[in-house]
Amino acid sequence: MSRAVEESNRAMLRARDAMDRAYAEPLDVPALARIAHVSPAHFIRTFRATFGETPHRYLQRRRVERAMYLLVQTDQPVTEICHLVGFGSLGTFSRTFHDIVGESPSAYRRRRTAGVAVPSCFTKAWMRPSPAVTGRNGNAAG
Amino acid sequence: MTMTSISRSQIYVLDQDEALDFYVGKLGLEVNTDQDLGFMRWLTVNVPGDPEHEILLEKPGPPALDPATAERVRELLTKGAMSGWLCLTTDDARKAYEDLVAKGVDITDEPTERPYGIDFGIRDPFGNRIRIGQMHPRA
């Protein structure tokens, strides 16, 4: 029983790692489900049970987190950052960013300054906007 | 009073033989000590030539942890939430990356130029995070 949970957890983590690594690529659920060796429907259900949110929502937050990082650390235009982190259109990017962060990409950029350089696995884990503190998205199904 | 070194660190692993395959067989660390203490197998590794800095590869279980707690630890470990984390340094991050990709290791982060050097991320077979970096000298 517990061994099955461990194997399932590890498979879900492997798929989540793929999102962390290849967030800028057009990842879809079937491709991620293949990494976890389960069907797409099972993948969405199990991922949510394991990590508390859907794969789609996780990927959006990963992309927004990387956008937050690039907005602060670089001078690249917002449009360019939008594409660099994997969004297809500026409209979707701006809307998703605002939904999650609570302000627009350019407002966020104005407000923040670059900090000390720490490993990106930390910034990825800790700067990832939390669904618990982002208003109406806290209980969105993603 | 002055502390002089971080000599031993610990991470949890699900299986110590599998941990040896990974940490020694793939990462190229050396076995420092592998001894059956009776109540547990004391298994430590170090980077080649540096036995003063050991990592204990500890299997969670009784009698240190009750079975239900051990099971919980194993679940957290496999979902990447156990915080087991190592930073290793190398003299050639890109070559280390190529070697580990060839060995089928799970990559979490490709080699990237950063203010402190070039580093990349992998996971061990159990879910622990490992970063491998070719670091710039500290100013």
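Here are four short exercises on a predicted two-chain model, each with a worked solution.

Residues are numbered from 1 along each chain as written, and chains are lettered from A in the order in which they are written. Because the model is predicted, local features need pLDDT of at least 70 and side-chain atom pairs count only at 80 or more, while totals for chains, interfaces and linings use all residues; side-chain values use heavy atoms, without hydrogens or water.

**Exercise 1. Set the two annotated domains side by side.**

Step one: start with chain A. An unreviewed UniProt entry lists "domain: HTH araC/xylS-type" at residues 13–111. (UniProt positions follow the numbering used here, and annotations may be inferred rather than shown by experiment.) That span of chain A is 74% helix and 0% strand. Helices (H or I, at least four residues) and strands (E, at least two) are DSSP runs, numbered from the N terminus.

Step two: go to chain B. UniProt, again in an unreviewed entry, places "domain: VOC" at residues 5–135. Here you get 25% helix and 39% strand, with the end C-alpha atoms 20 Å apart.

**Exercise 2. Trace two hairpins in chain B.**

Step one: find E2(B), residues 30–36, and E3(B), residues 41–46; they pair in the antiparallel sense over six bridges. (Strands pair if DSSP finds at least two bridges between them.) Thr33(B) sits opposite Thr44(B) in E3(B). Four residues lie between the strands, and in the turn Gly38(B) has a positive phi of about 95°.

Step two: try E6(B), residues 106–114, with E7(B), residues 117–123, an antiparallel pair with six bridges. The hairpin here runs through two residues, and Ile107(B) faces Ile122(B) in E7(B).

**Exercise 3. How much area do chain A and chain B bury between them?**

Step one: look at contacts (heavy atoms within 4.5 Å). On that basis, 21 residues of chain A touch 23 residues of chain B.

Step two: turn to buried area, the accessible area (1.4 Å probe) lost on putting two parts together, summed over both. The answer is about 1900 Å², with 49% of it on carbon and sulfur atoms.

Step three: pick out the chain A residues that lose the most area to chain B. They are Glu6(A), Arg10(A) and Arg21(A), together 28% of what that side buries.

**Exercise 4. Which kinds of residue line the largest cavity?**

Step one: a cavity is a set of points on a 1 Å grid over the protein atoms alone where a 1.4 Å probe fits but cannot get out, and lining residues have an atom within 4 Å of a point.

Step two: among the lining residues are Gly80(B), Met82(B), Arg123(B) and Arg129(B). The lining divides into two nonpolar, five polar and two charged residues, with Gly counted as polar, Ala and Met as nonpolar and Arg as charged.

How values were computed: 1 Å grid on protein atoms, 1.4 Å probe; cavity = no way out; pocket = protein on both sides within 12 Å on 5 of 7 lines; lining within 4 Å.
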